[in-house]
Amino acid sequence: MKIVIYGTGYVGLTTGAAMAFLGHEVTCVDIDEAKIASLRGGKSPIYEPRLDELMELAGGNLRFSVDPAPALSEAEVVFVAVGTPPMADGNPDLTAVQSAASSIGRHLGLGFTVVVNKSTVPIGSGHWVESLIAEASGEGDIRNLRNRCCVASNPEFLREGSALCDILYPDRVVVGSENPTANEVLARLYEPILQQSFTAPWFLPRPEGMGAVPLVATDLASAELIKYASNAFLCTKISLINEIGNLAEKVGADITHIARGMGLDARIGGRFLQAGLGWGGSCFGKDSAALIATAKEYDIRMPIVEAAREVNYAQRDLVVTKLLNELKILKGRTVGILGLAFKPNTDDIRDAPALDIAQRLIDRGARIQAHDPIALDRASCQLNHSGIRFGPTAEAVAAGADALVLTTDWAMYRDLPWKRMAKTMANPLILDGRNFLDQAQLVNAGFRFLSIGR
């Protein structure tokens, strides 16, 4: 099928590469000329494991352009995968969605086109996008537009760091529209994934036992709400284990054992039960705030989601409290931060706990030096006036520090020369904010070891 994707961020680019690999003809559109030039040169502007290899396998099926008109004239499916950053009131900023919808309307082809909201947008946005397309196309009356175009929702459930596996081997595919034809078109589009009939790339093997993927075909509003409800549940699950972890620490229990004991219950499951510094990134915070804001429009409160947010952001204060208890005074102290990305295997620093923690320590007079194996360039560019000093290695960050805080569980941090690092520190203290490191190894290396919920 012929596909156009608006946006070349984490969602748009990974979706485009996967669809092109499956044999569809994909044109990714972006207003950023420098980004498009980089992509045409074979260089991805984001870090996502194996993305470069999949783009190479996609070959001529994957194209990039700043001009949507030629591809739109023949497009059967158009994905809107642009950014929807949060505003101060919790609602997402839909400026980019509005711009994309108007562009689609101006360049809409003569054939039937399914326009898909891939961006996470508030409930009801599908109808709004449809009206914008109708207005820009000159149809005016939405009823006339529906002979040429309809809008559907196809929420993404991608985890940065494993996005390509999540696209090719998903738990489910959700599509929603008021027009049954749209759901039929999207079912055909996703057929290789639903049936798992494609040959898996050698570097992304099909999970053992993987069978057919369930398709959830529903109405527009339900598809939009499925995304928000899913993220709200995961936010709550993470915050619950962190809340239990704070109690476990006070009563002398071990949250890692508690999480295992809970997770073996099939009704609960072990995923997202890792106590630590809480969630960050571009989705959970934004989507939970948007869900609360949407509910408020209908005079509905969402106290569970509100509490999940409150618990999550309070975890970042926990680091300051623990360091104060150990160091007594933070003013003038040097604290090394290990990890800037909000999670491993990505360079995304949006709403990263590390940055929030660093700022809170800076506000108390501490000096911060930080390292990340992948996100360092992005962080040093975006945060060059933050007061954070960036070290080229974890060892450089440890040198002279009064404490280290592990904020991102990058695999490489497990195998650092800890004994040598301890000797270079002013005070060999480490706080493992992800319960990731080998406590016995660190203690043997000479560290005073702190963790979360233990």
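Author: A crossing of two helices is left-handed if the near helix is turned anticlockwise from the far one by less than a right angle, and right-handed if clockwise. Keep that handy for this predicted model.

Reader: Okay, so which hand does the crossing of helix 5 and helix 6 have?

Author: Helix 5 passes helix 6 in a right-handed crossing, so the near helix is turned clockwise from the far one.

Reader: And why is helix 5 called oblique to helix 6?

Author: Helix 5 and helix 6 (residues 125-137) pack with an angle of about 45° and with 7 Å between their axes. Angles under 35 degrees would be roughly parallel, and the roughly perpendicular range is 65 to 115. The value of about 45° falls in neither class, so helix 5 is oblique to helix 6.

Reader: What makes the contact between these two helices?

Author: Helix 5 brings V97, Q98, A101, S102, I104, G105 and R106, while helix 6 brings W128, V129, L132, I133, A136 and S137. By class, that contact has eight nonpolar, four polar and one charged. R106 is the charged one, since Arg counts as charged.

Reader: Now helix 11 and helix 14: why does that pair get called oblique?

Author: The axes of helix 11 and helix 14 (residues 303-327) cross at roughly 45° and come within 8 Å. Roughly 45° is again outside the parallel and perpendicular ranges, so helix 11 is oblique to helix 14. This crossing, though, is left-handed.

Reader: Which residues of helix 11 and helix 14 touch?

Author: From helix 11, the list includes A232, C235, T236 and S239; from helix 14, it includes I304, V305, A308 and V311. The full contact divides into seven nonpolar, six polar and three charged residues.

Reader: Why is the space lined by N117 and Y228 called a cavity?

Author: The word is for points where a 1.4 Å probe fits but cannot get out, whereas a pocket is open. The structure holds one cavity of 30 Å³ or more, and the largest has a volume of about 60 Å³. Helix 11 (residues 220-251) gives the largest share of its lining, four residues. By class the lining has four nonpolar, four polar and two charged residues.

Reader: How much space lies in the second largest pocket?

Author: About 1,100 Å³. It has 50 lining residues, and A81, V82, G83, T84 and R350 are the closest to its centre. Helix 5 turns up again with the largest share of this lining, five residues. Overall, the lining has 20 nonpolar, 15 polar and 15 charged residues.

Note on methods: Residues numbered from 1 in each chain as written. Predicted model: local features only at pLDDT ≥ 70, side-chain atom pairs only at ≥ 80, totals over all residues. Heavy atoms only, no water. 1 Å grid on protein atoms, 1.4 Å probe; cavity = no way out; pocket = protein on both sides within 12 Å on 5 of 7 lines; lining within 4 Å. Points joined across faces, edges and corners; volume = space filled by probe spheres on them. Axes fitted to C-alpha atoms, helices over the stretch in contact; angles between N-to-C directions. Parallel < 35°, antiparallel > 145°, perpendicular 65-115°, else oblique. Contact = heavy atoms within 4.5 Å.
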